[in-house]
Structures are given as C-alpha cells and as structure tokens.
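Trainee: I have just opened a new structure, and I would like some help with reading it. Could we go through it together?

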Amino acid sequence: MEIVGSVKCYDWGKLGGQSFVAQLAQANDKQLEVKVESPYAELWMGDHVNGPATVKSDGKSLDEAIRANPIGMIGLADGRLPFLLKVLSIRKALSVQVHPDKVEAEKLHQQFPDVYKDPNHKPELAIALTDFQALCGFRPYEEIHGFLQEYTELQELLGESVLAKFQTKDESAVKIAYERLMHSTPDNVKRCIDGIVKRMDGLEPTSNNLGHVFNRLYADFGADVGVLSIYFLNYLQLKPGRAIYLAANVPHAYLDGDCVECMACSDNVVRAGLTPKFKDVDTLLRLVSYDCLPSESMLFQPKLLQPKEEPYTRTFVPPVPDFAVSELRLPSDVREYSVSNPPNGSILLVISGKGSLLLSGSEIEMRMGKVVFLPSSAGRKLQLKVEDANEPFLAFQAMSNQFV
C-alpha cells in the first residue's frame, strides 16, 4: 500500500528545494508545489492524529485504512501503529527539550491537554542522513566545570555559591547550576550572552570554544537562555548513518542537518529554550535527567540481526517495545535482496536508488521518496529487485520492536 507522508512547515525547516523533506515529498507527489521561501521541516509517515499519512490509491488516511481492516493491516483486532516515522530537514535549531515518560505524559495530558496533546511517551531515534549536529545529554562534570572556570560571564550569572559547589566536586552542582541558569532573569541572561558575544568578537571559532555554535544560535535566537545550554549539554557531530537514541527526560536539541527519525507515536515535547513557543521550564527541570556522560556514550549502535540472510540490513533496536528501525544500504553489485516484514506490519521509505518490491504476485516500484506500508498480511519475507542505477539503494524500515 503506497502512502503519502504529511508535510510539516515549521519555521526551523530548510527552505524550498533545499529541504530534503521537500525533495522526498515532491518525488512522491508530483502535484506538490514547493515554494522557494517556505520552510519544509518534517515528513510524517504514520497514523498520528496530528498528521496521518494518506493512502495513495483512494485518498483515505492511513488511520482509516487500519481501522477498516486491523487484522490484515497490523495483525491486531484493534489498536494503532505504535510508532511514527519521520524525516527532518533542519535549518535553525529545534528547542532545548525533553520528552516525558509514559506516567508523566498521562499526567501532563490530563492537566494541560492544550499543550500536551496525547498521553503517550516519546522516546525517539535519530539517524543522520547528512552531516548532523545536535546537543544531547549533560556533559561530563569536568567539562562543565571547565567552561565555568573559563567564562567569567557564566560565573557572574550563576553566582559564587554555585561555583563553590563545583570546587568541592559536589554531585549536585550540575543540577543546581542548570536550575540557576534556567531561572535567571532575562536581563541577566542578556548581560551574560552580550559579554560572550564581545569575547567571541575577533576570536577564531573552534570546536574547543564552541564559537561557531554560539554565533549561529545567537544569530537565530538572540539572548535566549537556550544559547547557554551549549556549555552544559554534549555537542555531537554525526556523519551519515550514525544515530542517537533519546530516552525519556534526556535533554536535547537538534541543530542542523537531515535525519530519519522514529519514535513512539506521540507529539509530546517539554520545551525550555531556543524557541518562541511555550516554555515549560519548571516541568523540564523537574523531569530532566542529570546523567553527566561523555558525548560518545550518546551514540546508538545498530545490530546485524540476520547476517547470513540480510547482510546489508542494520537494525537499530532501542530498549522500548514501540519501535525499531532497519537501514537497508545495498552495495552497487547487489541485484536481489530479502526484506523482512514483522507480523504487525512496517513502513518502508526509499531514500535513494531504484528497484521493485515483489508483493503478492505484483511489483511495487521503489525509488527516492516512495513510502510503502507493508501490512501484516503481506508475508514475513519479501523480495527486492534492484536496478543498476548511478546511486546505491538506501531505504529505512520502521516497525514495532515487539517482534524484532
């Protein structure tokens, strides 16, 4: 079943044809008009109520199609897809944020349904398609302390009592410092950021001083407190194919690049910086995890689940039942390949290359932008024929993690 993803034009998205989201969407829907100055931020492929995919053959939503034949589609008499597959194209940083766990999501949805739209948790996985930058998790204690020693502007903002905690290597120092930062008055935050702007003037930006990251965030967000999060959160630069997994309450912000993202089917975000949207600072500080770990520990490694039958399929298997993602990256000399389909269905997105998927005696063309829902009734093993093209075949397959 071919489906068309829902395009989200958030302000932080890449503009016009520069957006990979726009390129994918237009490749799958030739009628789509891509406007040069419009941001194309996200492509949603799932049945979430805020942006369900559309069945190409009849124009119905994927949610309607599943409800009409739940056993044939997802192998269950009732229910929805537990995952949501996306592609993101990022021009400006997304907000500093965390996602609540299941219990907190239910509470927040009940208390503030206009802000927290559903009662589900939102663990998520991001796999880089291009060079990708992100803030993720708190830095090691020593790194944060080093920045505080280097920047007098941060010392003045946080105060002597916070600095004294770091000097005594008190484990609570990072929590106290970040809470002080996020509760600082706008005037004090501006004074601190203005001071760092002057410090950076004429200084060659390097990875050590984070000047290039600071300058970019300052240009986009001005004296937003989130700009200062770069001195507390790990800065990651991912090459294509590398991934990060974000469990509940891990602070993060995507900064730049394109990625495939998969998550539990939810749209719950607790924001506290780098955004004009509602900032729920107190909730973020109540939930956020203060595990201070090196940046390398944030990387999430895939597995070869069937090295003999599917040697070119790497599967990212997070520690939640909601979702897993397989990457099918085939060498140029591979012409036939086996594709697994779990018993509750999956969604297959083609990034590059050409081929056809053999399904129930028919063939579905596979090319850039094609999105196919593979129902539970499609069978456990499908065959992919790959054409000799000028680019490798690359696709991602999202599924429930219960049968991986």
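Mentor: Let us go from the domains to a single annotated residue and then to the surface. Keep in mind that this is a predicted model.

Trainee: Into which domains is the chain divided?

Mentor: A domain can be written as one stretch of the chain or as several. Here domain 1 covers 3–137 + 236–277, domain 2 covers 140–229, and domain 3 covers 325–399.

Trainee: How many residues do domain 1 and domain 3 each bring to their contact?

Mentor: Domain 1 gives 25 residues and domain 3 gives 23 residues. The centres of these two domains, taken over C-alpha atoms, are 21 Å apart.

Trainee: What is the area buried between domain 1 and domain 3, and how many salt bridges cross their interface?

Mentor: Look at the area and at the atoms that supply it. About 1,900 Å² is buried between domain 1 and domain 3, with 74% of that area coming from carbon and sulfur atoms. Zero salt bridges are found across this interface.

Trainee: Which residue does the "active site" annotation cover?

Mentor: An annotation is a pointer from a record, to be read beside the model. The unreviewed UniProt entry places "active site" on Arg271, a residue of strand β14. Leaving aside neighbours within four places in sequence, Arg271 has contacts that include Ser95, Val96, Gln97, Phe278 and Asp280.

Trainee: Where is Phe278 found?

Mentor: Phe278 sits in the loop between β14 (270–273) and α11 (281–287). Together with Phe112 and Val115, Phe278 also makes a nonpolar surface patch of about 280 Å².

Note on methods. Residues numbered from 1 in each chain as written. Predicted model: local features only at pLDDT ≥ 70, side-chain atom pairs only at ≥ 80, totals over all residues. Heavy atoms only, no water. Patch = residues over 30% accessible without salt bridge, like charges linked within 9 Å, V, L, I, M, F, W, Y side chains within 5 Å. Areas by Shrake-Rupley, 256 points an atom, 1.4 Å probe, with all protein chains shown as cover. Salt bridge = Lys/Arg side-chain N within 4 Å of Asp/Glu carboxyl O. Helix = DSSP H or I, 4+ residues; strand = E, 2+ residues; numbered from the N terminus. UniProt positions renumbered as here; feature names shortened; annotations may be inferred. Contact = heavy atoms within 4.5 Å. Domains from an automatic or database assignment. Buried area = accessible area lost by both parts, 1.4 Å probe.
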